[in-house]
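Work through the exercises below with the model open. Each task is followed by a solution in steps.

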Amino acid sequence: MKSAQLPKNELERLHLLHELDILDTEPEPVFDKITKLAKQLFEVDACLITLIDSERQWFKAKIGFQESETPRDVSFCSHAVVQGSTMVVNDATKDERFHDNPYVLADGGLRFYAGVPLEITPGIFIGTLCIIDSKPRTLLQHQQEWLETLAEWVKNELIGRYTVSNYEQERQVLAEGPVAAVVWQAEPEPHLIYVASNIERVLGYPAEYLLDPTINYESIVHPADRDELLKQMQAVLDGKQGNLELEYRVITPDKSIRWVYHYARSDYDSAGYLVRVRGYLHDSTTRKELELSLQHANQSFALALAAGNLATWDWNLAHQTVDVNHTWDQILGRSEAFAENNRWAELFHPDDFEPTRTALQRHLKGLDDRFEARFRLQHADGHYVWLHSIGKVIEVDERGLAIRMVGIHHDITEDVKNDERRKQQETVLGLVSAVQHEFLFVKEFREVCDIALPKLMELTRSDIGLIGELPENSVTKDRLWLHGLQRYDDQEKNRASQRLVRQGLEVEVTGRVAWQVLSEGKAQLCPYPVQDEEALFRPLDLPPLENAYILPLYFKRQVVGLLLLANAEESYSKELLATLEPIQNTLGTLMHFRRVDEQRLSATEELRRMATTDELTQVANRRVFIEAAVERFNEQLRYQVPVSVAIIDLDHFKNINDTYGHAAGDKVLKQFADITKEVLRDGDLLGRQGGEEFAILLPHADLNQAMQAAERVRQRVAETQFEWQGESIPVTISVGVAQLTPADKDVDRWFVRADNALYQAKSDGRNRCIAAKEV
């Protein structure tokens, strides 16, 4: 007996096996169903799902085998794991590796083995799905494909089990955090219909209270904030605004105040009608209190600076000159000339000039006790510097008009950046929670992108956004399946892009920068115009990319997709890359969830089709046909609903095979099945019983109606030209028809009467339909 060698990556293999945390776990229905299905499908003694540990072979699921584990050195599956591909042993007594294996030498010992290794990550196999039998056997090619499909199912379930476990842990972390998902019904009256489990931690009220139909949510909102919340929520319900973003106060049961950041958006059905409002609530109390504290601290600090005569400015309004006690070079890298004749006003950021001017006018008119504003001035190298400026009129003329103001400047650029970075982090974490909850609700990744992409574009001030997924097992890494595409530069083109994404759009990705993202998983910051040889997305009609983030989307360190954000108002920063990592990982994980779910559904559907359909003719196989007949038999007993069966035999079919060959015979069988399905009603069932024999189950049809249907099939077949390689093949059928009667005590007696009628049709010269005699 030859024991299997250890795989070259044995340490990695064992690490992954133990990381899955599946050894010595309780049986699970899905794995038991797979082994049961395989045993029945291949008609073998036993089927096992094996996991190869360091010293043993443990069975996650088994049927037809008593032991729960065996030593590794006598394991057939260890050889399959080393081989890394499907291993078939037709007769173990003739295989030098296994002829003296104790499980082969035992009475009624193992003779046949077929195992497919379970590849969890590329090149790492943790066990097998295998079938064994006490008789030598041969595994046909299509049977091997079946077994490999089942093994793929097992692999996906193992991966999904591990992924879901991690995802549940992530959800638990979120459930312990300050963000809670909520859903409002829209009709007949807006009311909460769902709140996350951590809602009491966020609002201070239990879920039962908030979901009570007699309780209006706004009743817990501070009276000063209530009207604004109701106004904005009504605007969302009326479709006047796409979403709600509002920060307000909630009065808790113990009368304390909590600040809540509220985001919500509307969900519409396919007809465009509002069905619900979905959102999340973030306990922002700590941040808000810190913000208020900082505001007070800033005011105190500004007054202290003014009292200490630090970084002051002195503005003579009569002569329009400004004197400062700092140098313009220190703050803006510019000469003192900018302090003369108000030239510094040329440096204002366009968004800040009017708000600053308004604040100044209010103070000059006596509406505010002092002037205070935050604004940006442009540095000589092009970037903007944030200043916090406080001033006060200290001199007026005889008419009471201000002629002199003094104040201070404070460079708050770093403070603003830190505050923006903190807000960005909060936005990203809130977005992570929102997209996870969205995916749990709707299971539609494109809708996740509809939420994530606009928020990411807003966060980065981008005009273009794209989310695409790599095809599974992609080698060339040059194709993306688009799930999201937004562009704000041209609304008409944006609508056209949305239609393309909904229809399903695959783009070709070329360029060395894009290659580094998709192949090497390196995030790319492009502060300069992106050339076609760096990144190009065909056939998308995108405007030139003036700057861009091109970021990989990960699942377990494997690149599964790409996120593009481009054409920002201001250049992108390296600092923001780290902030975006949680949403990159979340989007990648949800992409993987979507892919695994699609594979599971596809595998299930294929197995169902294989188990119920005749492979050659694609009609119901004998097992399915008999089950349907039994159902109709029981229905007739219960309700006396007429049902008939027609047994069909193709006349002289052996002569067709002998004369033209079996390929011609197969074509005749398939063409006959296609013709018959065209003639039958929607509720009739055509099944192949074996060879050239078919049967039709005709529910709600008495004998006369069944004879008419059989005659239509017979006549259509006789009139059809069956051709093979230019030669015409005459084909006719003989049919025996029997209506189920009370005298038929079971399905077999019913079918025997139809068979007898079929034999009578053959005896009478074939190419005819004969009705069965009643008992």
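**Exercise 1.** Which residue takes a positive phi in the hairpin of E9 and E10?

Solution. The model is predicted: local features need pLDDT of at least 70, side-chain atom pairs count only at pLDDT 80 or more, and totals for chains, interfaces and linings use all residues. Residues are numbered from 1 along each chain as its sequence is written, and side-chain values use heavy atoms, without hydrogens and water.

- Step 1. Helices (H or I, at least four residues) and strands (E, at least two) are DSSP runs, numbered from the N terminus. Two strands pair if DSSP finds at least two bridges between them.
- Step 2. Strand E9 covers residues 243–251 and strand E10 covers residues 257–268; nine bridges pair them in the antiparallel sense. Glu 245 has Tyr 263 in E10 as its bridge partner.
- Step 3. Five residues lie between these strands, and Lys 255 is the residue with a positive phi, near 70 degrees.

**Exercise 2.** Follow E10 to its pairing with E11 and describe the turn.

Solution.

- Step 1. Strand E11 (residues 274–283) pairs with E10 in the antiparallel sense over nine bridges.
- Step 2. Opposite Leu 281 in E11 stands His 262.
- Step 3. The E10 and E11 hairpin has five residues between its strands, and in the turn Gly 272 shows a positive phi of about 90 degrees.

**Exercise 3.** Why is strand E6 described as largely enclosed by the rest of the structure?

Solution.

- Step 1. Buried means under 20% relative accessible area, exposed over 50%, and partly exposed in between (1.4 Å probe, protein chains only).
- Step 2. In E6 (residues 124–133), ten of the ten residues are buried, so the strand is largely enclosed.
- Step 3. Strand E1 (residues 46–52) runs antiparallel to E6 and is joined to it by six bridges; here Leu 51 is the bridge partner of Gly 127.
- Step 4. Strand E5 (residues 112–121) is also antiparallel to E6, with eight bridges, and Tyr 113 is partnered with Ile 132.
- Step 5. E5 and E6 form a hairpin with two residues between them, where Gly 123 in the turn has a positive phi of about 80 degrees.

**Exercise 4.** Where do Asp 24, His 700 and Pro 539 lie, and what is notable in their backbone angles?

Solution.

- Step 1. Most residues other than glycine have a negative phi, and most peptide bonds are trans.
- Step 2. Asp 24, in the loop between helix H1 (10–20) and helix H2 (29–42), has a positive phi of about 60 degrees.
- Step 3. His 700 has a positive phi near 60 degrees and lies in the loop between strand E26 (693–699) and helix H20 (703–719). With 46% relative accessibility, His 700 counts as partly exposed.
- Step 4. The peptide bond from Arg 538 to Pro 539 is cis, with omega near 10 degrees. Pro 539 is in the loop between strand E21 (536–538) and strand E22 (548–555).

**Exercise 5.** Which residues does Thr 720 touch, not counting residues up to four places away in sequence?

Solution.

- Step 1. Thr 720 belongs to the loop between H20 and strand E27 (722–724).
- Step 2. With contact meaning heavy atoms within 4.5 Å, Thr 720 touches Gln 671 and Ile 675.
- Step 3. Glu 458 is 262 residues from Thr 720 in sequence and 66 Å away in space, C-alpha to C-alpha.
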